[in-house]
Amino acid sequence: MPRFSPRRLHPADLVREALIAGLSSGLLSALAVAWGSRACGHRAVAGLNAPSHWLWGDEALAASELDLRHTGVGVATHVASALFWGGLYALMRGWHRRPTPLNAATDAITLTGVALVTDYLLVPKRLTPGFEAHLTPRRLGVVYLALSAGLVLGALGSERRPRSFPRSFD
């Protein structure tokens, strides 16, 4: 019986895959936060300010203006979080002998579920994303679906495919 052997990823490839997956998931989920915040009757930037509540407290949850204090810290916090999850996702992807779109999706859904449980059940309230202050539960679900979709798109976009060289027709 063959022994399980994961793909061996060079550290540089792992970092590249983590950055691509993290940034794509961060961008898509940030767009979902802004859209959801707007759809719920708030300014789009209010949802993006919310993650800064770890530093500024309830003041950040009430902030609805674009400013460096809340928006800058909120977006930086969101991107850092997305990069963290992107790194874990890249590690998960490395365990597959043959990465496929199906296992990319199942890995992303699994990790997004872990992120949701971590964000809203395991960490103290001060360390939650704060999106729930501006989003309905359904719109919050869309944010996590966007996070998952971004991970998948990042994985599919970052996979190295063997180069094919044209054959000569001599």
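What follows is a walk through the side-chain pairings of this predicted model, ending at one buried threonine. Local features need pLDDT of at least 70 and side-chain atom pairs count only at pLDDT 80 or more, while totals for chains, interfaces and linings use all residues. Residues are numbered from 1 along each chain as its sequence is written, and side-chain values use heavy atoms, with hydrogens and water left out.

Let's start with the charges. A salt bridge here is a side-chain nitrogen of Lys or Arg within 4 Å of a carboxyl oxygen of Asp or Glu, and the count comes to five salt bridges. One of them joins the side chains of arginine 43 and glutamate 65, at 3.0 Å from N to O. Arginine 43 sits in the loop between helix H1 (11–39) and helix H2 (44–49), and glutamate 65 in the loop between helix H4 (58–62) and helix H5 (68–94), so this pair ties together parts that are 22 residues apart in sequence. Helices, by the way, are DSSP runs of H or I with at least four residues, numbered from the N terminus. How open are the two partners? Arginine 43 is partly exposed at 42% relative accessible area, and glutamate 65 is partly exposed too, at 47%. For those words, buried means under 20% relative accessible area, exposed over 50%, and partly exposed in between, using a 1.4 Å probe and protein chains only.

Next up is the salt bridge between glutamate 59 and arginine 69, with 2.8 Å from N to O. Glutamate 59 belongs to helix H4 and arginine 69 to helix H5, so the pair ties together parts that are 10 residues apart in sequence. Glutamate 59 is partly exposed at 39%, and arginine 69 is partly exposed at 37%. Arginine 69 has another partner as well: it lies over the face of tryptophan 56, 3.5 Å from the ring centre. (A charge sits over a ring if NZ of Lys or CZ of Arg is within 6 Å of the ring centre and within 35 degrees of the ring normal.)

Further along the chain, glutamate 132 and lysine 125 meet in a salt bridge at 3.3 Å, N to O. Here glutamate 132 is partly exposed at 26%, whereas lysine 125 is exposed at 60%.

Now for the rings. Rings of Phe, Tyr and Trp (its six-membered ring) pair if their centres lie within 6.5 Å; planes under 30 degrees apart count as stacked, over 60 as edge-to-face and the rest as tilted. That gives two aromatic pairs. Phenylalanine 84 and tryptophan 85 pair edge-to-face, 5.0 Å centre to centre with 75° between the planes. Phenylalanine 84 is partly exposed at 48%, but tryptophan 85 is buried at 7%. Tyrosine 120 and tyrosine 144 are edge-to-face as well, 6.3 Å centre to centre and 75° between the planes. Tyrosine 120 lies in helix H6 (residues 101–122) and tyrosine 144 in helix H7 (residues 137–158), so they tie together parts 24 residues apart in sequence. Tyrosine 120 is partly exposed at 24%, while tyrosine 144 is buried at 7%.

Last stop: threonine 71 in helix H5, which is buried at 9% relative accessible area. What does threonine 71 touch, leaving aside its neighbours within four places in sequence? Its contacts (heavy atoms within 4.5 Å) are Val45, Leu48, Asn49, Glu65 and Leu66. The C-alpha atoms of threonine 71 and leucine 48 are separated by 6.1 Å, although the two are 23 residues apart along the chain.

Key
Helix = DSSP H or I, 4+ residues; strand = E, 2+ residues; numbered from the N terminus.
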